[in-house]
Amino acid sequence: MDPWLYILAGLAGLMYIGAPLVVLSTLKQAREPVFEELDPDSEALPKEVVAHLVESIQALTQDGFVLVNYYEPQGLGSNVKTYLALLENRAENDLAIAIGMFSTQGGALAAQSLHVEFSNLFEDDSSVSTNNSPQLMVTAPLPRRTVGLFPLEKDPRRLYAIHRKLLERHGGTKQPSPAREGLVQYLVASVQREHRAQEEAGYFRLSGENFVPTLKGAFLMTWKLLPPLSLLLGWSRERRGRALLAELGL
């Protein structure tokens with residue numbers, strides 16, 4: 001057998017078996033995440049984050065959103081820093097989050113995603129979310145959860161227009177947003193609800209004060225990020241996004 005085939009087989013094994021095992025042993029998310037207030041003028045913040053948050057806020061202000069505060073969540077993942085701006089549109093009962101996610105591996109910050117997300121819960125416990133994150137969604141798809149993924153839509157206002165169309169198509173009555181002083185706990189509850197749903201789907205399990213991947217979850221989540229599956233999933237996401245925009249008349 002050609003020795004290069006042994007080398008390729010070894011590299012494939014390292015990637016498709018070794019990488020999930022690393023995720024299995026290192027990834028953890030806090031059972032009780034904390035959202036610390038963030039100073040947007042801090043020199044420690046990456047300039048890309050500040051620019052993204054400010055530009056998103058300025059754009060969404062034109063659609064009736066007002067800034068609630070800036071936050072740096074703690075406990076949402078290993079080797080990841082997350083910065084966000086929370087906004088509310090009280091008249092429409094809508095919330096928006098502008099997010100900057102950075103990897104901390106290697107001792108330096110490397111941008112993973114700068115995006116905006118809108119999300120609404122309904123009285124029947126279904127939900128509709130819309131975001132333009134470039135990252136693939138690797139967790140389990142959940143019933144009664146509609147997720148619009150539009151990584152090519154860079155304009156927050158157009159993304160909000162898409163979200164409102166999805167809400168209109170979904171129908172039903174939105175759950176009211178809490179008073180401003182309860183919004184941080186609302187974010188915490190949203191994260192915890194996602195953790196419980198992924199636990200039920202078999203992707204995560206509770207270990208002490210953290211949710212950690214199951215063997216199934218570690219392999220499936222990692223494989224979705226590796227070629228060729230990542231390429232197929234990316235292509236499928238863009239195709240579904242274009243089809244959905246056409247369906248919505250956008």
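How many of the residues in the lining of the second largest pocket are nonpolar, how many polar and how many charged? The split is nine nonpolar, four polar and four charged. I will start with that pocket, and I should say at once that this is a predicted model.

The second largest pocket holds about 410 Å³ of space. Its lining is made up of 17 residues, and those nearest the centre are M137, P141, V147, L149 and R240. Two elements, strand β8, residues 145-149, and helix α6, residues 229-248, each contribute at least two residues to the lining. Of the elements, α6 gives the most, with six residues.

Both of those elements follow loops that have something to show in the backbone. Ahead of β8 there is the loop between β7, residues 127-131, and β8, and R144 sits in that loop. R144 is not a glycine, yet its phi is positive, at about 65°. Ahead of α6 there is the loop that runs from α5, residues 215-223, and this loop contains P228. The peptide bond joining P227 and P228 is cis, with omega at about 5°.

There is a second positive phi to mention, and it takes us to the cavity. N93, again not a glycine, has a phi of about 60°. N93 is placed in the loop between β4, residues 80-89, and β5, residues 94-103. Is N93 buried or exposed? Its relative accessibility is 18%, so N93 counts as buried, the limit being under 20%.

N93 is also one of the residues lining the largest cavity. The structure has one cavity of 30 Å³ or more, and the volume of the largest cavity is about 40 Å³. Besides N93, the lining consists of L95, S119, N120, L121, Q175, S177 and Y186. Strand β6, residues 110-121, gives the most to this lining, with three residues. By class, the lining of the largest cavity has three nonpolar residues, five polar and no charged. For the second largest pocket, as I said, the lining includes four charged residues.

L95, from the cavity lining, is also a contact of L183. L183 belongs to helix α4, residues 183-200. At 1% relative accessibility, L183 counts as buried. Setting aside neighbours within four places in sequence, L183 contacts V68, L86, E88, L95 and P178. L183 can also be paired with N69: the two are 114 residues apart in sequence, and their C-alpha atoms are 10.0 Å apart in space.

E88 appears again as a contact of G64. G64 lies in the loop between α2 and β3, residues 66-74. With residues up to four places away left out, G64 touches E88 and N89. How does G64 rank on accessibility, and why? G64 counts as partly exposed because its relative accessibility is 41%, between the limits of 20% and 50%. For a long separation, take G64 and K216: they are 152 residues apart along the chain, and 43 Å lies between their C-alpha atoms.

Next, the helix that comes ahead of that loop. Helix α2, residues 47-61, meets helix α3, residues 156-170, with the axes coming within 8 Å and crossing at roughly 55°. The two helices are therefore oblique to each other, as 55° falls between the 35 degree limit for roughly parallel and the 65 degrees at which roughly perpendicular begins. On the α2 side the contact is made by S56, A59 and L60, and on the α3 side by P156, R157 and Y160. By class, that is four nonpolar residues, one polar and one charged.

The last residue, R158, is also in helix α3. R158 has a relative accessible area of 30%, and so is partly exposed. Its contacts, not counting residues up to four places away in sequence, are E153, L245 and L250. R158 and L250 are 92 residues apart in sequence, and the distance between their C-alpha atoms is 9.5 Å. L245 falls within α6, residues 229-248, so this brings us back to the helix that gives the most to the lining of the second largest pocket.

Definitions and conventions:
Residues are numbered from 1 along each chain as its sequence is written. This is a predicted model: local features need pLDDT of at least 70, side-chain atom pairs count only at pLDDT 80 or more; totals for chains, interfaces and linings use all residues. Side-chain values use heavy atoms; hydrogens and water are left out. Axes are lines fitted to C-alpha atoms, for helices over the stretch in contact, and angles run from 0 to 180 degrees between N-to-C directions. Helices (H or I, at least four residues) and strands (E, at least two) are DSSP runs, numbered from the N terminus. Angles under 35 degrees count as roughly parallel, over 145 as roughly antiparallel, 65 to 115 as roughly perpendicular and the rest as oblique. Contact means heavy atoms within 4.5 Å. Ala, Val, Leu, Ile, Met, Phe, Trp, Tyr, Cys and Pro count as nonpolar, Asp, Glu, Lys and Arg as charged, and the others, Gly among them, as polar. On a 1 Å grid over the protein atoms alone, a cavity is a set of points where a 1.4 Å probe fits but cannot get out, and a pocket is an open set with protein on both sides within 12 Å along at least five of seven lines; lining residues have an atom within 4 Å of a point. Grid points are joined across faces, edges and corners, and a volume is the space filled by probe spheres set on the points. Buried means under 20% relative accessible area, exposed over 50%, partly exposed in between (1.4 Å probe, protein chains only).
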